[in-house]
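Biologist: I have a model open and would like a close look at its cysteines. Could you walk me through them and then set them in the wider chain?

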Amino acid sequence: MTERMLIGPKLEPVPVQMCDVCELCGREREVARRAGRSLEVRSLNGVIAGHPHGREARE
């Protein structure tokens, strides 16, 4: 399973490199943060944290 690291003052999930979904969400999260859309930032954090890296092999 891919290990997730947390960053920043509020400890946010780090997008997995080379994953189109994670990288897109990470970019969108930064745009939302700069625009002051905290609900969207939280939502994108949830998508990144819940993305099923490593789960496919266990099923």
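How many disulfides does the structure hold?

Modeller: Happy to help. This is a predicted model, so local features need pLDDT of at least 70 and side-chain atom pairs count only at pLDDT 80 or more, while totals for chains, interfaces and linings use all residues. Residues are numbered from 1 along each chain as its sequence is written, and side-chain values use heavy atoms, with hydrogens and water left out.

The structure holds 0 disulfides, a disulfide being a pair of cysteine sulfur atoms within 2.5 Å. For Cys22, the closest cysteine sulfur belongs to Cys19 and lies 3.8 Å away, which is too far for a bond. Cys25 is in no disulfide either, since the nearest cysteine sulfur, in Cys22, is 6.9 Å away. Cys22 has 1% relative accessibility and so counts as buried (under 20% relative accessible area; exposed is over 50% and partly exposed in between, with a 1.4 Å probe and protein chains only). Cys25 is buried as well, at 9%.

Leu24 sits in helix H1, residues 20–34. At 40% relative accessibility, Leu24 counts as partly exposed. Its C-alpha atom is 9.6 Å from that of Ile48, 24 residues apart along the chain.

Now for the wider chain: the elements run β-β-α-α-α from the N terminus, with helices (H or I, at least four residues) and strands (E, at least two) taken as DSSP runs. Of the 59 residues, 25% count as buried.
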